[in-house]
Each structure stands twice: as structure tokens, then as C-alpha cells.
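Me: I would like to learn how to read a predicted model with care, one feature at a time. Could you give me the general idea first and then the case at hand?

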Amino acid sequence: SHGGVEMGQGLHIKLMQVASQALGISVDLIKVDETMTNVVPNTIPSAASQSSDLYGGAVLNACLTLNERLKPLKDANPDHTWQQWVLSAFFSRISLSATGFFKD
């Protein structure tokens, strides 16, 4: 989930593409939920292209955190798939939840 509002401008798709690139996985493996302030506090109004810039930066930051946590598993098992790394992380009690905040 992110703090932006999808109004037909393709915000969800853009943020899915950011996550896909950052995590090195197919966009088909990414799901975006609608904005909920109980999940994403401190949202700003969605206007102009600021949503893509600010929330794209936040998504990127969160993905970098996840990559950092998964790095030992990826290094130890470079031939595994994303799903295998995530499953290994789960059973290794590595947090698969991350928040990102972008400040220009």
C-alpha cells in the first residue's frame, strides 16, 4: 500500500514498476492495495506528478530495505527464485515488511 490515490493516472502501475525493478522480480508478483491511513500515515494530496515522485521514492526505499534483508539468502542460494527466498526469509524469521519514506 502507498499513500497516493489512483485516479486513472496510472499511479499503481508506476509504483509496481518501481518495486519490480528494485526487487528484480516480475510486476505480476506485486500487488497494490488501496490507500488506507491506518496502514500508511502522513499521506499528502495526490496532485500533479508529485505522487509518482514521492511515493515512487518511498517504494524504492522500502524495496532497498527488503533487498538488504534478503541479501544473505540470495548470496547463499543464488539459483533460487524470489518465492524460495521469501519462504526462506519467513522461516528464518526475517521481516518481510518494510516502510519507505521519501523526502526531497
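**Reading the model, feature by feature**

Reply: Phe90 is partly exposed, with a relative accessible area of 48%, where buried means under 20%, exposed means over 50% and partly exposed lies in between, using a 1.4 Å probe and protein chains only. Phe90 sits in helix H3, a helix being a DSSP run of H or I with at least four residues and a strand a run of E with at least two, numbered from the N terminus. This is a predicted model, in which local features need pLDDT of at least 70 and side-chain atom pairs count only at pLDDT 80 or more, while totals for chains, interfaces and linings use all residues. Residues are numbered from 1 along each chain as its sequence is written, and side-chain values use heavy atoms, with hydrogens and water left out.

Me: How many helices and strands does the protein have, and how much of the protein counts as buried?

Reply: There are three helices and zero strands, and from the N terminus on the elements run α-α-α. Of the 104 residues, 30% count as buried. The protein exposes about 6800 Å², of which carbon and sulfur atoms supply 57%; these areas come from the Shrake-Rupley method with a 1.4 Å probe, and for residues only the protein chains shown count as cover.

Me: How should I read a single helix, and what is the case for H1?

Reply: An α-helix has 3.6 residues a turn, so residues three or four places apart point the same way. In H1, the buried residues are Leu11, His12, Leu15, Met16, Ala19, Ser20 and Leu23, and their cover includes H2 and helix H3 (82-91). One can also check the length, since the expected span is 1.5 Å times one less than the number of residues; the 13 residues of H1 should span 18 Å, and the end C-alpha atoms are 18 Å apart, which agrees. After H1 comes Gly24, whose phi is positive, near 70 degrees.

Me: Is His12 buried or exposed, and which residues does His12 touch?

Reply: His12, which lies in helix H1 (residues 11-23), counts as buried because its relative accessibility is 12%. A contact means heavy atoms within 4.5 Å, and, not counting residues up to four places away in sequence, His12 touches His2, Glu6, Val32, Asp33 and Glu34.

Me: How do I judge whether contacts bring together parts that are far apart in sequence?

Reply: One looks at sequence separation: among contacts between residues at least 6 apart in sequence, 62% join residues at least 24 apart. Gly56, in helix H2, is a buried residue with a relative accessible area of 8%, and, leaving aside neighbours within four places in sequence, Gly56 is in contact with Leu15, Val18 and Ser51. Gly56 and Phe102 are 46 residues apart in sequence and 8.2 Å apart in space, C-alpha to C-alpha. Phe101, in the segment after H3, is exposed at 61% relative accessible area; Phe101 and Ala58 are 43 residues apart in sequence, with 4.4 Å between their C-alpha atoms. With neighbours within four places in sequence left aside, Phe101 contacts Ala58 and Asn61.

Me: How many salt bridges are there, and which residues form them?

Reply: Side chains of opposite charge can pair when their charged atoms come close. With a salt bridge taken as a side-chain nitrogen of Lys or Arg within 4 Å of a carboxyl oxygen of Asp or Glu, the count comes to two. Lys31 pairs with Asp33, the closest N and O atoms being 2.3 Å apart; Lys31 is exposed at 64% relative accessibility, whereas Asp33 is partly exposed at 33%. Asp75 and Lys71 meet at 2.7 Å, N to O, and because they are four residues apart in helix H2 (residues 50-76), about one helical turn separates them. Lys71 is partly exposed, with a relative accessible area of 45%.

Me: How are aromatic rings and nonpolar patches read here?

Reply: Rings of Phe, Tyr and Trp (its six-membered ring) pair if their centres lie within 6.5 Å, with planes under 30 degrees apart counted as stacked, over 60 as edge-to-face and the rest as tilted. By this rule there is one aromatic pair: the rings of Phe90 and Phe91 have centres 5.2 Å apart and planes at 75 degrees, so the pair is edge-to-face. Phe91 is exposed, with a relative accessible area of 61%. Leu87, Phe90, Phe91 and Leu96 make a nonpolar surface patch of about 440 Å²; patches consist of residues with over 30% relative accessible area and no salt bridge, like charges being joined within 9 Å and nonpolar side chains (Val, Leu, Ile, Met, Phe, Trp, Tyr) within 5 Å.
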